[in-house]
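Visitor: I have a new model open on my screen and would like to know how its pockets, cavities and ligand sites get their names. Could you walk me through it?

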Amino acid sequence: MDKTKERSIDKTTQDMLQRAKELNIPTAWDRLESMLPQCGFGKLGICCRNCEMGPCKINPFSEKEQTGICGASVDTIVARNFIRMIAGGAAAHSDHGRDIIHAFMLAAKGKTDAYGIKDETKLKVLAREYNVKIDGREINEIAEELSEKFFLEFGRQHGEMKVPQRAPEKRLKLWRELGIVPRGVDREIVETMHRTVMGVDNDYKNILMHGFRTALADGWGGSMIATDLSDVLFKSPEPITAKSNLGVLSPDEVNIVVHGHEPTLSDVVVDAVRSPEMIELAKKKGAKGINLVGMCCTSSEILMRHGIPVAGNFLQQELAILTGAVDLMMVDVQCIMPALSGVASAFHTKLVTTSPKNKAPGVTHVEFKAEKAYDIAKGIVKMAIENFPNRNGNGIHIPDKSEDLVAGFTAENIYNFLGGAYRATYRPLNDAIIQGRIRGLAGVVGCNNPKIKHNYGHIEMAKELIKNDVLVVVTGCSAIADSEAGLLQPEAAVKYAGKGLREICEAVGIPPILHVGSCVDNSRILIALTNVIREGGLGEDLSDLPVAGAAPEWMSEKAVSIASYFIASGVLTVLGSPFQILGSRKVTDFLCSEAEDIVGGKFVFEGDPVKAARIMIDHIDKKRKALKLKPLMYR
Ligand code: SF4
Ligand code: MSK
């Protein structure tokens, strides 16, 4: 049986999986297969190793009620494990945000060779929000003071973070009543770790509510800051065209893949590969030029701002190296498979780690320092060029397929695109929903997971949604999946969208699926929804809106945090595979049912992407009914 077709619906991926088989190089799919059956205790979330009296595991088939050695119930164990996953994800996103503030601060102080303030307008908007004086001051002075205010968002010990106060009034009031407005990013993450230490919180509801607070510190905190300051530092995205999929690798240019999450170094690599000095050097080495491409969320960062081609999403990272055409892969942090060094060693590919937080045995490490970012970027590009003549051995095999795409949408520029030519406003978007031309909005985000056919969940869900007049916004690996299927082109509206949505897309020339960035840019979705509420006519709180979220192929702890801040913001969120919570009926009921009465959102687990989309559509219809909106225009 041809396993490659079961593993991915993407042709280039199938092609490269065949290649991996020929070369006898295992990939994540093979490693999953050799891991089966996976640990049932882990899957249900019912093992605990939070202290050395354990590890303890609860027998799910036992008639008798069981506890850990300390007496922790299954509900406590499952809830603790779950919020530790939130803390892991929130820490990753937020540390990303912290690194951006650091680069922003150095830029403000003139202490870096690479960065400056590229979006003064957004800087001033942020300065006003944070009560930083603008009049009569140099831009750098404003930026320096603002950087300190942002650092404080991480370290504040009491009171409330400022960023979450952007939420609609009613939502903020609810969070206050529930006591879950985050105080500081680090504060909430540390408290999650404290509460889940042996012998602290053993009320599962109390544990889970703190999980929400921690997740809010991510979505309405660390991630939102990362997005805002990346826009200020590297420029706010505007709609931009590019190409995606493994076919963007070039047979006769120096191929550099940047992979991971942060834009701090990759954005500067964009400048370095364009420098005449580097291009000339590449030609001297026999290459036609330099081809910079991206992978995962680092890719989305430089796609949104510079139109750099996308080589693939999470499950395509090993496959890019398997083409034999990658001269250098530079990685920063997050979603970088430790398996890469093994795959790279079968080819001439140079793998380079750049973050002090992410090194790998035997892998070249070139440490990133924001002060010297341009020099470092040039050094890495040079390394790639010098490696070009070493292409050899297993031969080059680049799939012959790439797709055009449009990306670069933000909560701010949607004003201009959907807002019409005369006035920057969300009014036409709200009206399109109110009048039933657009049924509602859906955010489809998150990773790939070899347990789910690669890209199938994202693409089939997105198609079902747009067919039913739901405007879809996407980030991260979900956006990349859609781009590989040609869904991020304006023409996709004609081919796949329902009549109402198609009319809107055709009138303004946008795709039916809007790429709004990397994983931290899910914060753009929160702001866009808030803007819809502020515009009026669609309720007073995010939970009133005809919207739903989904992560059909999630795998990362960051997805756990993202899904949690969406439900804590009042948005129903569908996951393609269940969280590791099913061992506790009470925790499952809380997160998949009771939470809706408390915070307005809940989780639904559904592996079939079309059925999942139907659940989202039914939810959107329920919200439309509650708002007493007109029937859909064409149904
Ligand atoms: Fe077992 Fe309790 Fe220790 Fe967990 S904290 S390992 S349940 S004794
Ligand atoms: S990269 S977190 S696999 S979306 Fe953001 Fe993709 Fe998920 Fe990583």
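Guide: Gladly! This is a predicted model, and a good place to start is its largest pocket, which holds about 910 Å³ of space.

Visitor: What makes the largest pocket a pocket, and which residues lie nearest its centre?

Guide: A pocket is an open set of grid points with protein on both sides within 12 Å along at least five of seven lines, so this space counts as a pocket because it passes that test. Its lining has 29 residues, and Gln38, Asn449, Lys451, Met555 and Gln580 lie nearest the centre. At least two lining residues come from each of α3 (28-35), α4 (40-44), α5 (74-108) and α24 (557-568). By class, the lining has 15 nonpolar, 9 polar and 5 charged residues.

Visitor: And what is the lining of the second largest pocket like, by class?

Guide: There the lining has 7 nonpolar, 7 polar and 9 charged residues. The second largest pocket holds about 520 Å³. Among its 23 lining residues, Lys122, Val125, Asp228, Glu412 and Ile527 lie nearest the centre. The helices α6 (120-129), α10 (204-234), α17 (413-418) and α23 (522-535) each give at least two residues to this lining.

Visitor: Which domains does the lining of the second largest pocket draw on?

Guide: Domain 1 (74-234) and domain 3 (406-552 + 607-626) each supply at least three of its residues. The chain as a whole is divided into these two and domain 2 (246-390).

Visitor: What makes the largest cavity a cavity?

Guide: A 1.4 Å probe fits there but cannot get out, so the space is called a cavity. The structure holds 3 cavities of 30 Å³ or more, and the largest has a volume of about 290 Å³. Of the 30 residues lining the largest cavity, Ala442, Gly443, Val473, Ile525 and Leu529 are closest to its centre. β14 (547-551) gives the largest share of that lining, 5 residues. By class, the lining divides into 25 nonpolar, 4 polar and 1 charged.

Visitor: How do you know that ligand 2 lies between two domains?

Guide: Domain 2 and domain 3 both give residues to the shell around ligand 2, so the ligand lies between them. A residue belongs to such a shell if one of its heavy atoms lies within 4 Å. Around ligand 2 these include His261, Cys296, Cys297, Phe314, Cys335, Cys447, Cys477 and Cys519. The shell has 8 nonpolar, 3 polar and 1 charged residues.

Visitor: Which residues surround ligand 1?

Guide: Among them are Cys48, Cys51, Cys56 and Cys70, along with Asn50, Ile77, Arg80 and Met198. This shell divides into 8 nonpolar, 3 polar and 1 charged. Cys counts as nonpolar here, so the cysteines around ligand 1 fall in that class.

Visitor: How do you know that domain 1 and domain 2 are in contact?

Guide: Contact means heavy atoms within 4.5 Å, so the test is one of distance, and 19 residues of domain 1 meet it with 18 residues of domain 2. Their C-alpha centres lie 30 Å apart.

Visitor: How much area do domain 1 and domain 2 bury between them?

Guide: They bury about 1400 Å², 51% of it on carbon and sulfur atoms. On the domain 1 side, His96, Asp113 and Phe234 supply 39% of the area buried against domain 2, more than any other three residues.

Notes
Residues numbered from 1 in each chain as written. Chains lettered and ligands numbered in written order. Predicted model: local features only at pLDDT ≥ 70, side-chain atom pairs only at ≥ 80, totals over all residues. Heavy atoms only, no water. Domains from an automatic or database assignment. 1 Å grid on protein atoms, 1.4 Å probe; cavity = no way out; pocket = protein on both sides within 12 Å on 5 of 7 lines; lining within 4 Å. Points joined across faces, edges and corners; volume = space filled by probe spheres on them. Helix = DSSP H or I, 4+ residues; strand = E, 2+ residues; numbered from the N terminus. Buried area = accessible area lost by both parts, 1.4 Å probe.
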